Amino acid sequence: MSTSARSSSEELHEFVCDLARRAGELQLSRYEAPGKVTEKAPKDIVTEVDLLCEELMVGAITERYPEDAILSEEQGGEISASGRTWLLDPVDGTANYARANPIFCACVSVLEGGVVTHAAVAAPRIGDLYHAALGGGAYRDSHEGRARLRVSDTERLEYAFFGADLAFRGVGSSGVRRVLAASWQFRALGSAGVRGAWLAAGYLDVSVGTRNTAWDYAPTVLLVSEAGGKATDLSGDPWTHASDGLVATNGRLHGEVLEILAN
């Protein structure tokens, strides 16, 4: 990479981190007063803060990188066929946020040529910013400074901490439940972004998502990969923005998890 290209990539990464951090600060400023809460669909809510954070993010990107495409959870958008696309989840963990539960975050990712090249997850109530650049490693910034992230070294699923968000009533994924049954302990955080960041940090060993929500899965793909783990779609193929779900692990457990899901 040339010096100018490296400088441009570093500048982009700083902007990604700053954007996530600024959205997190806005979330924190309204933490006790999220405003009007409405349902987009049954049990799928949005607060005033979701919309304010999205406005902040989209406005900043449009001003700084006007040629780029944007796909955001609330406003929608599109993936660029040839250029750069921003994937935004203004408040990931809205149900938690609406109840003043501290597990929520802002997710910002950059997609180039179908590959996630930059990502940041700001969890302001916890005080952490997780971020990664392709080929540059994954990190957590906190009041203690910057620390490199590494996935866990758990080698057997029976000793694994498994993270997912499951609805135990109605239609569910039997494969995901079998992974849960084979694991040691289960963690349902209510935020895919935080879940992926915690997997990259070694707090969890396995994370499975069964929806198509690229804006909150993309950070996991990059953070976990750069922290030494593995992230694929539900069948083990490379994850893309069109994938129906995501399997992320510390790498050691990936084959076992995929085998259980396939059965």
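Helices here are DSSP runs of H or I, at least four residues long, numbered from the N terminus. The model shown is predicted.

**View 1. Thr 220 in helix α6.** Thr 220 lies in helix α6. Its relative accessible area is 3%, so Thr 220 is buried; the cut-off is under 20%. Leaving aside neighbours within four places in sequence, Thr 220 is in contact with Ala 192, Gly 196, Ser 225, Leu 246 and Ala 248.

**View 2. Helix α6 across the strands.** Helix α6 spans residues 214-226. It lies across β3, β5, β6, β7 (115-123), β8 (128-133), β9 and β10. Helix α6 runs at about 100° to β7.

**View 3. The open sheet and its edges.** Eight strands form this open sheet. Their order is β4-β3-β5-β6-β7-β8-β9-β10, with mixed pairing. The edge strands are β4 (76-77) and β10 (145-148), and each pairs on one side only. Helix α2 (residues 48-64) packs on the sheet. There, helix α2 touches β3 (69-72), β5 (84-92) and β6 (105-112). The direction of helix α2 makes about 155° with that of β5.

**View 4. Pairing of β9 with β10.** Strand β9 covers residues 137-142. Four bridges join β9 to β10, and the two run antiparallel. Tyr 139 stands opposite Arg 148 in β10.

**View 5. Asn 96 in helix α3.** Asn 96 is found in helix α3 (residues 94-98). Asn 96 counts as buried because its relative accessibility is 13%. Leaving aside neighbours within four places in sequence, Asn 96 is in contact with Asn 101, Ile 103, Leu 189 and Gly 190.

Key
Residues numbered from 1 in each chain as written. Predicted model: local features only at pLDDT ≥ 70, side-chain atom pairs only at ≥ 80, totals over all residues. Heavy atoms only, no water. Pairing = 2+ DSSP bridges. Contact = heavy atoms within 4.5 Å. Axes fitted to C-alpha atoms, helices over the stretch in contact; angles between N-to-C directions. Buried < 20%, exposed > 50% of the residue type's maximum accessible area, 1.4 Å probe, protein only.
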